[in-house]
Amino acid sequence: MSHDGVGAQSARAGQRPQGARATARAATTGPRTTDGASRHHPSPRLQRSVTAFLAAGVLAVPFLAGCGADEDKAGKPLAGQDIVPAARDLVADGAVLKWAVDAVPETLNAFQADADAGTNRIAQAVLPSMFRLDAAGRPVPNPAYLESAKVIETEPRQVVLYKLNQQAVWSDGREIGAADFLAQWRALSGKNSAYWTARNAGYDRIEKIERGASDLQVRVTFSRPYADWKSLFSPLYPKEVMGTPAAFNDEARRKLKVTAGPFTVDKVDTAGKDVVLTRNPRWWGRSAKLSEIVLHAVPRDKRAAALADGSVDVADVDPADAQRIGLAAHGTVNPLQGSGRTSVKKLRAWALAHDFGADSAKAGKKELRKAIAAYLDEQLALRGVEVRRSLEPAYTQLALNGSEGPLADERVRRAVARALDRKELARLVLTPLGLPAVPVGSHLALAGQAAYADNSGAVGGQDAKSAQALLGDAGWVPGGPVKPAKKGEKAAGSESDQGGRSGEEGKGDKGDKSDGGKDGEYIVGEDDKNGDGKNGGRGDDGDRHLVQEGRHGGAPGAYAPKGTAAPGAAPAAPLAKDGKALALRFVLPSGSGSETLNSVAERISAMLDRLGIRTTIIKVSDESYFKDHIASGDYDLALYSWPSSAFPATDDRPVFAKPVPAADGSVNVEQNYTRVGTDQVDQLLDQAAATLDEGEAVSLIRKADARIWAAAGSIPLYQRPQLVAVRKNLVNVGAFGFQTPVYEDMGFLKKGAKVSAAPTKG
């Protein structure tokens with residue numbers, strides 16, 4: 001998971017949620033959290049669908065064709081890829097590309113629990129994948145490895161026949177063949193616990209794998225029908241990796257001696273924070289234009305400087321850095337002109353406006369001039385860089401914890417959903433970035449994917465009256481009597497607010513006031529310190545700080561358009577039931593890059609405030625956000641992201657599965673961190689995974705999504721922005737959107753060569 005970090009951590013693999021940096025990994029990973037340019041952490045889904053790549057898109061996906069009218073519902077991707085495409089004859093040969101990543105991957109084995117976005121990026125460049133996504137987000141066979149792959153029998157068993165490219169060989173010269181498919185199945189089937197695998201979905205349905213009529217044919221027979229068979233064997237590891245537990249568990253973490261892509265892994269340098277990929281001399285396809293790709297670990301807040309000093313050529317960036325790079329292209333006002341005449345007061349104001357941090361308010365004139373001079377030098381260097389932008393194959397959601405407290409009541413969850421203006425929230429994040437601000441209408445697919453349809457009507461649109469009616473039906477009365485809270489106890493929200501989770505960081509049972517309580521805690525509606533409505537209270541001036549939130553990322557408007565009107569409605573009288581006010585704990589990550597999530601959370605809180613629902617915003621460290629709060633259920637409301645999958649029946653089943661009590665009294669929630677699920681959703685996804693009729697599978701997935709909406713455990717908000725800073729002369733690289741990157745075509749333009757910088761239409 002990662003925060004939308006662009007946000008919040010995402011929860012599928014890496015994206016897993018995508019919450020602070022989680023696109024979804026196991027133990028400490030989950031969804032993604034930050035928005036905009038977030039850190040890419042693997043989320044649970046990413047892990048599960050290790051075949052899917054997260055940072056730039058998902059790897060393999062089945063092409064659900066023949067859906068007739070259903071295709072129209074899927075529509076087109078909201079934003080095309082932006083990579084400055086160029087013909088190969090315009091690309092220079094032999095250059096080195098330096099690509100910023102969050103960290104050196106812990107493992108090169110994409111099927112292990114701690115695999116991340118870096119692991120998947122490497123796998124895409126050095127290993128076979130049977131299917132890949134095109135720019136429109138639809139999967140197609142990868143011709144470098146496949147001549148064809150199709151279901152040739154359905155009775156008595158489903159049989160898939162793979163016909164391999166006769167030129168496809170591993171880097172040691174051995175042909176890619178049935179032995180590799182067989183070894184991977186045995187390792188990932190779940191039958192041998194000696195293999196430390198993160199998932200076995202799909203592989204556990206295989207009955208046997210055999211050589212076909214020739215060495216270039218592989219027959220895969222399934223024990224039961226499996227619609228998502230195209231998700232398998234992408235990536236495909238050689239039998240040398242999958243053949244033994246020792247090789248799988250340990251040897252493949254730091255070395256891949258045998259590969260089969262346009263690049264090979266030359267070295268993993270943890271001290272230097274580099275992974276070096278070099279051309280594969282045995283690659284049978286079009287030769288890679290780059291001689292090397294160096295994946296270099298660079299923290300998010302250091303990427304603008306790294307781009308300026310040349311230590312990286314391409315990097316995912318946050319909205320603040322994207323705006324800074326845009327400003328560099330137009331020149332930056334120099335406050336130092338005038339040989340020391342500028343007052344220290346004006347220098348401090350300039351520094352604050354350019355996000356120099358709070359320390360600049362205390363810095364002396366000499367120190368300020370030195371820092372500003374360094375900044376201006378970087379701005380000059382950044383003129384050679386541009387930001388390419390699209391939308392990630394991932395969405396940010398509002399998660400509602402349905403395991404306890406007011407949100408355990410479906411009527412209250414639905415009321416929260418109907419209180420939200422999702423169009424406004426999408427505009428808040430995406431309009432300033434020049435991206436389509438369209439709310440996401442599905443939990444299981446994104447616009448452009450075959451299974452997409454807007455099913456949000458199942459929970460209802462924004463409607464304050466119906467929301468109030470639902471709350472009234474649930475017993476929450478406006479202005480009802482509230483019993484005074486005992487010392488150290490909050491009279492609101494879930495059980496955890498009344499001491500149930502005392503002693504932990506950022507809990508709602510401490511610090512009732514935003515200015516006098518515990519650090520990181522802010523109670524919406526209790527910020528009018530002077531009683532005059534001018535300190536952040538809701539009303540005409542109440543949300544002014546939301547527009548100013550962008551200052552933390554570089555300049556006003558980074559996260560909300562300049563002049564964005566604050567919500568005008570006054571707060572409603574607090575709702576109460578049985579002597580307790582209706583108040584919810586809204587948990588957010590506090591790290592760098594979380595500004596967007598914070599702005600979105602503030603706006604959501606204002607929307608709920610109008611119904612009389614009070615929220616306490618609690619900010620916790622990125623490290624504990626997912627593990628200690630989302631995964632453990634210690635929150636009422638939260639923001640994180642999930643990557644979209646081309647195989648929702650398989651990959652999303654654990655995300656929306658109904659929690660099941662275990663024999664020891666605990667509850668198995670799998671990756672359903674909202675704890676809201678139904679038998680019907682489980683059955684529909686199971687049926688979709690078992691039908692080989694692609695049109696029927698799409699219909700079942702859409703029905704499941706409508707029921708997920710109706711249960712109101714999570715509310716999709718907007719597709720995550722994808723912002724990639726790239727040297728202007730670098731082509732076939734950038735914001736890939738859905739598309740699997742084509743590594744052999746990446747490179748720098750030849751001297752004098754020119755191409756159109758217009759983004760490709762997806």
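**Note on strand pairing, helix packing and two buried polar side chains**

1. Arg211 has Val218 of S11 as its bridge partner. The coordinates come from a predicted model, and the points below should be read with that in mind. The pair belongs to a longer contact between strands: S10 and strand S11, residues 217–222, run antiparallel and are joined by five bridges.

2. These two strands are part of an open sheet. Its four strands follow the order S8-S9-S11-S10, and the pairing is antiparallel. Strand S8 (146–153) and strand S10 (206–211) form the edges, each of them pairing on one side only. From one strand to the next, the twist averages 15°. Helix H4, residues 178–188, packs on this sheet. The strands touched by H4 are strand S9 (159–164), S10 and S11, and the direction of H4 makes about 160° with that of S10.

3. What surrounds Ser234, and is this residue buried or exposed? Ser234 is found in the loop that lies between S11 and helix H5 (239–242). Its relative accessible area is 0%, and because buried means under 20%, Ser234 counts as buried. Its side chain has a polar partner: a polar atom of that side chain lies 2.8 Å from the backbone nitrogen of Met130.

4. A second open sheet has three strands in the order S17-S19-S20, again with antiparallel pairing. Here the edge strands are strand S17 (477–478) and strand S20 (580–581), each pairing on one side only. Between S17 and strand S19 (residues 575–577), which run antiparallel, there are two bridges. Within this pairing, Pro478 stands opposite Leu575 of S19.

5. Helix H12 (residues 422–430) and helix H15 (residues 595–609) cross at roughly 155°, and their axes come within 10 Å. Since angles over 145 degrees count as roughly antiparallel, H12 is roughly antiparallel to H15. The crossing in which H12 passes H15 is right-handed. On the H12 side, the residues that meet H15 are Glu424, Leu425, Leu428 and Val429. Their counterparts in H15 are Thr596, Ser599, Val600, Arg603, Ile604 and Met607.

6. How do helix H19 and helix H20 pack, and at what angle? H19 covers residues 679–690 and H20 covers residues 694–711; they pack at an angle of about 165°, with their axes 8 Å apart. The two helices are therefore roughly antiparallel to each other. H19 passes H20 in a left-handed crossing, whereas the crossing of H12 and H15 is right-handed. From H19, the residues in contact are Gln680, Val681, Leu684, Leu685, Gln687 and Ala688. In H20 they meet Ala697, Leu700, Ile701, Lys703, Ala704, Arg707 and Ile708.

7. Which side chain forms a polar contact with that of Arg720? Arg720 lies in strand S26, residues 714–727. With a relative accessibility of 0%, Arg720 falls under the 20% limit and so counts as buried. The side chain of Ser641 supplies the partner, in a polar contact of 3.5 Å with the side chain of Arg720.

8. Two buried polar residues may thus be inspected together. Ser234, in a loop, has a side-chain polar atom 2.8 Å from the backbone nitrogen of Met130. Arg720, in strand S26, is joined through its side chain to the side chain of Ser641 at 3.5 Å.

Conventions
Residues are numbered from 1 along each chain as its sequence is written. This is a predicted model: local features need pLDDT of at least 70, side-chain atom pairs count only at pLDDT 80 or more; totals for chains, interfaces and linings use all residues. Side-chain values use heavy atoms; hydrogens and water are left out. Two strands pair if DSSP finds at least two bridges between them. Axes are lines fitted to C-alpha atoms, for helices over the stretch in contact, and angles run from 0 to 180 degrees between N-to-C directions. Contact means heavy atoms within 4.5 Å. Buried means under 20% relative accessible area, exposed over 50%, partly exposed in between (1.4 Å probe, protein chains only). A polar contact is a pair of N or O atoms within 3.5 Å; within protein, one must be able to donate a hydrogen and the other to accept it, and residues adjacent in sequence count only if both atoms are side-chain atoms. Angles under 35 degrees count as roughly parallel, over 145 as roughly antiparallel, 65 to 115 as roughly perpendicular and the rest as oblique. A crossing is left-handed if the near helix is turned anticlockwise from the far one by less than a right angle, and right-handed if clockwise.
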